[in-house]
Amino acid sequence: MIATAPRPRDWLFLAPFAVYTALAIGLLILGLGAGLAVSEPVRVRFHEWGQAGGVAGFLWEAMARAPRLSEPTPAIVVDYLL
């Protein structure tokens, strides 16, 4: 089969799917940051970045506080693999 350019009706699927995929990857990365914050040096760094302010300051603070609500690291790894 010869590859052709996507037709307009294909874009009705591809555009929302691309947005969904980007959001899903972004949320997984945020969750990974919270999982890494179990380590004390990482948590301290996230607090520093959060206190520095900026657009993502509240996200860094949330990731730094998340480990107290989190599972143990091996359980997080299994969750991500599944």
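Here are legends for close-up views of a predicted model. Local features need pLDDT of at least 70, side-chain atom pairs count only at pLDDT 80 or more, and totals for chains, interfaces and linings use all residues. Numbering runs from 1 along each chain as its sequence is written, and side-chain values use heavy atoms, with hydrogens and water left out.

**View A. The largest nonpolar core.** Six residues make it up: Ala34, Ala37, Phe46, Met63, Ala64 and Ala66. A core here is a set of buried Ala, Val, Leu, Ile, Met, Phe, Trp, Tyr and Cys residues joined through side-chain atoms within 4.5 Å; buried is under 20% relative accessible area, exposed over 50%, partly exposed in between (1.4 Å probe, protein chains only). Leaving aside residues up to four places away in sequence, Ala64 touches Ala37, Arg43, Phe46 and His47 (contact: heavy atoms within 4.5 Å).

**View B. Salt bridge in helix 2, Arg43 with Glu40.** The two side chains meet at 2.9 Å, N to O (cut-off: a side-chain nitrogen of Lys or Arg within 4 Å of a carboxyl oxygen of Asp or Glu). They sit three residues apart in helix 2 (residues 40-51), so about one helical turn separates them. Helices are DSSP runs (H or I, at least four residues), numbered from the N terminus. Arg43 is partly exposed at 23%, and Glu40 is too, at 46%.

**View C. Salt bridge in helix 3, Glu61 with Arg65.** Here the N to O distance is 3.7 Å. The pair is four residues apart in helix 3 (residues 57-65), about one helical turn. Glu61 is buried at 17% relative accessible area, whereas Arg65 is partly exposed at 43%.

Key. Helices (H or I, at least four residues) and strands (E, at least two) are DSSP runs, numbered from the N terminus.
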